[in-house]
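Q: Please take me through one part of this model in close detail. I would like a connected account that moves outward from there.

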Amino acid sequence: MFPTSENQRETIVSVLVPVAVPMAYTYKVPAGLHVEPGTIVQVPLGPRQVLGAVWDGEPDAAINPKKLKTITRVFEQARPLQPDLRRFVEWVANWTLAPPGMVLRMVLRSEEALEDEPPITGVRWAEGRQPDRQTPARKKVLALVEDGMAWPKSGLAQAAGVSVSVIDGLLQQDVLQQVQLPAVPPAAKPDPNFAKVQLTLTQKEVSDGLRAAFDKGTSVSLIDGVTGSGKTEVYFEAIAEALERGKQALILLPEIALTAQFLRRFEQRFGTLPAEWHSEITPKKRGRVWRGVASGDVRVVIGARSALFLPFDDLGLIIVDEEHDAAFKQDDRVPYSARDMAVVRGHISRFPVILASATPSVESRVNAEYGRYARYLLPERASGAEMPQIRAIDMRREGPERGRWLAPGLLEAMKTALADGAQSLLFLNRRGYAPLTLCRTCGHRFQCRHCSAWLVEHRFQGRLVCHHCGHFEKMPETCPTCSSTQSLVACGPGVERIAEEVQSLIPEARTLILSSDLPGGAERMKREMKLVEEGEADIVIGTQLVAKGHNFPKMRLVGVVDADLGLAHGDPRASEKTFQLLAQVTGRAGRVTGGGLGFLQTYAPEHPVLKALMDQDQDAFYKAEIEARQVAGLPPFGRMAALIISGPDKPSAEGFARALARVAPPDRAVTVLGPAEAALAMVRGRHRYRLLLIAPRQFDLQAYLRHWLDVGPKPNRGLRVQLDIDPQHFL
DNA sequence: AGCACGCCGACT
DNA sequence: GTCGGCGTGCTC
């Protein structure tokens, strides 16, 4: 690969560039410079300079030598990407049908990481020297530096209570001198023995099992524990074990859950904050963490899915918390599932991976049942609090009068809770006031002009909003078709409408809406979450964002306004998603106060998802769902791929069908759920169409797709593939 | 004519 | 992913 031939021929190497080209390119190595596989380099590509990594495999000698360009820069200080990481990049590229360069791009996402950090300069007393004239300000500064310690300039000025110009004056007279300060480490070393916690008997058993997994090399464990059962405490013990063995650890959290609260819990256990990695981290910090991870200075990273591609020096454990969460899936660029790829990374580098959830994904449950994963159960709340009682309200018999949405039984329970000083939560996963507006006179329905979804009325903003593409218009006074006035009616409820109903029926309660679209942004949301936490609201009406994150200690009652919502979707995972969401939401009830209550308003009280929730019988849900999937050939028993066709065409079934026929004619081995099916309704954004292919396990779906990708439009032009396949069988 | 936009191929 | 080239259609 690196001939230093006698006849002084120039060396050539493979270089992978972070661009959507199908393979590694070939470059010349400048004379006298050493590169090896993994070395990070800068190379010319077309009209620009890009980062890249020297890659494995023979460089292509067949390329016209006149075309070959030379590596412009070698990043000698940055350590080469390790063989395991390079294999991981290749694996992910192969799996996702994405160009390997696009996966490498996720590894090289911090440009700052490669440059040396500009040294931090500080000041120190030049021993013995005194200023020409003493002033009170100068005296204060000199008192601080007397001991010979070095200070950052602004820090010293602040500590002395003087302005920076005083320091500058002293520097001028050489009373102070400039010195280099050591670089700030991105995170201190966590101490596995900082604050050992008292574990319950069950927790201890699980933690012993997890610690033992380190001796097995590759292993995956699933912690299946109810909300409040202490999953976190238990997997912290696995992190302690990794640290004791001198290994690095990575905790992956869904983006939403990266809360200060979680970081504080880590700090309490290990005595220091972990390094963080997610989209909000500043470029400078990002560079420090990247370098720290590569050098081994950073021992534990807590991050969102992209942290999986960090160049760890010696990674020995990955934890995927809330492993069922959809936020682990990336839909754009390289469409990967961080949960699945974490398992792959653990497999390649032979270390344990831990998946944790109160409501595991069906895939993980199946893998556990078939013995591919070790399964650990934490069935009880560590505080001893009871799980809430959940009952259905049959809306056919116990429902409210026409035009109202809350059943009398639910309202009674809310009033009782209010009288006892406890909080209630009404959950409805629908923003706005009403999901459909129509004209009573002519039947006109307000539809989005871009994507044909119904427009949702947002009464506080006085707008009609499309929840698909974000398009909005002012709420008109008159019908745009027949010009009738006062004829527009709102159909169905959203959170705003439920809040209106609560305010009119229980006016003495302090009500609060928690919905992502309310004005004030993330700041206001944080404040309001805090208000709820402190008991400053009696009745909270919320969309799905109340399911995650904050705990509400005074919440006793949870009412699901429409428990059927989401069950009748075209989405093949509708049941699973609804089960997980409702289990989380009802789990908010009575976590600390005990005796929590859950109500499910439904027209289908016999539905297996709702029955499982009421009976507190998760197993019943998984059993029913697994059977249904086996019959339908859905994951994890079949394999599913979505072909996404995007383009500027206006939505039209004809154009879509034409594209489909050109790209992926139906095959006897695969089921194509085309535009006519509900599958399309699942994600019909602007300029985007998706169809689902479902193939049996033994069918080589990737080869099939690869074939049609070659025949059809270029993969990076209008056509994208998203695979929803559990990789467990392919390791 | 001047340009904005979309499409398409090339990039070693 | 990003650039440059080229065709189409619209505006000053």
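A: A polar contact here is a pair of N or O atoms within 3.5 Å. Keep in mind that this is a predicted model. With that cut-off in hand, let us start at the DNA.

A polar side-chain atom of Arg-105 lies 3.4 Å from a sugar or linking oxygen of DNA strand C. Arg-48 reaches a base instead: one of its polar side-chain atoms is 2.8 Å from a base nitrogen of DNA strand C. In total, 9 residues surround this strand, and the closest are Val-19, Ala-20, Arg-48, Met-102 and Arg-333. Of the atoms of DNA strand C that come within 4 Å of the protein, 55% belong to sugar and phosphate. Sorted by class, the residues of this surface are 4 nonpolar, 1 polar and 4 charged.

Arg-333 is a good place to leave the DNA and walk into the protein. The phi angle of Arg-333 is near 45 degrees, which is positive although the residue is not a glycine. Most residues other than glycine have a negative phi. Arg-333 sits in the loop between S14 and H10, and both of these elements lead us to a sheet.

That sheet is open, with 7 strands in the order S12-S13-S11-S14-S15-S10-S16 and parallel pairing. At its edges stand strand S12 (275-277) and strand S16 (374-378); each has a single partner strand, so one side of each is left without a neighbour in the sheet. On average, and ignoring direction, neighbouring strands of this sheet are turned by 20 degrees against each other.

Strand S14 (residues 315-321) runs parallel to strand S11 (residues 248-252), and 5 bridges join the two. In one of these pairings, Leu-250 has Ile-318 in S14 as its bridge partner. Two helices then pack against the strands. Helix H10 (residues 338-349) lies across strand S10 (219-225), S11, S14 and strand S15 (352-357), at about 160 degrees to S14. Helix H11 (residues 362-369) also packs on the sheet, where it touches S10, S15 and S16, and its direction makes about 115 degrees with that of S10.

For contrast in pairing, look at the open sheet of 6 strands, ordered S5-S2-S1-S4-S3-S6, where the pairing is mixed. Its edges are strand S5 (69-70) and strand S6 (73-74), each with a single partner strand, so one side of each is left without a neighbour in the sheet. Strand S3 (residues 40-45) and S6 run antiparallel, joined by 2 bridges, and Val-41 stands opposite Val-74 in S6.

Further along the chain, UniProt, in an unreviewed entry, places the feature "binding site" at Cys-439, Cys-442, Cys-479 and Cys-482. These cysteines span 44 residues in sequence, yet no two of their C-alpha atoms are more than 8.7 Å apart, so they gather at one spot. One of them, Cys-442, lies in the loop between strand S19 (436-439) and strand S20 (456-458).

One last backbone detail may interest you if you check torsions: the peptide bond from Pro-635 to Pro-636 is cis, with omega near 10 degrees. Pro-636 belongs to the loop between helix H18 (618-632) and strand S28 (638-646).

How values were computed:
Residues are numbered from 1 along each chain as its sequence is written. Chains are lettered from A and ligands numbered from 1 in the order in which they are written. This is a predicted model: local features need pLDDT of at least 70, side-chain atom pairs count only at pLDDT 80 or more; totals for chains, interfaces and linings use all residues. Side-chain values use heavy atoms; hydrogens and water are left out. A residue is near a molecule or strand if one of its heavy atoms lies within 4 Å of it. A polar contact is a pair of N or O atoms within 3.5 Å; within protein, one must be able to donate a hydrogen and the other to accept it, and residues adjacent in sequence count only if both atoms are side-chain atoms. Ala, Val, Leu, Ile, Met, Phe, Trp, Tyr, Cys and Pro count as nonpolar, Asp, Glu, Lys and Arg as charged, and the others, Gly among them, as polar. Two strands pair if DSSP finds at least two bridges between them. Helices (H or I, at least four residues) and strands (E, at least two) are DSSP runs, numbered from the N terminus. Axes are lines fitted to C-alpha atoms, for helices over the stretch in contact, and angles run from 0 to 180 degrees between N-to-C directions. Contact means heavy atoms within 4.5 Å. UniProt positions are given in the numbering used here, feature names are shortened, and annotations may be inferred rather than shown by experiment.
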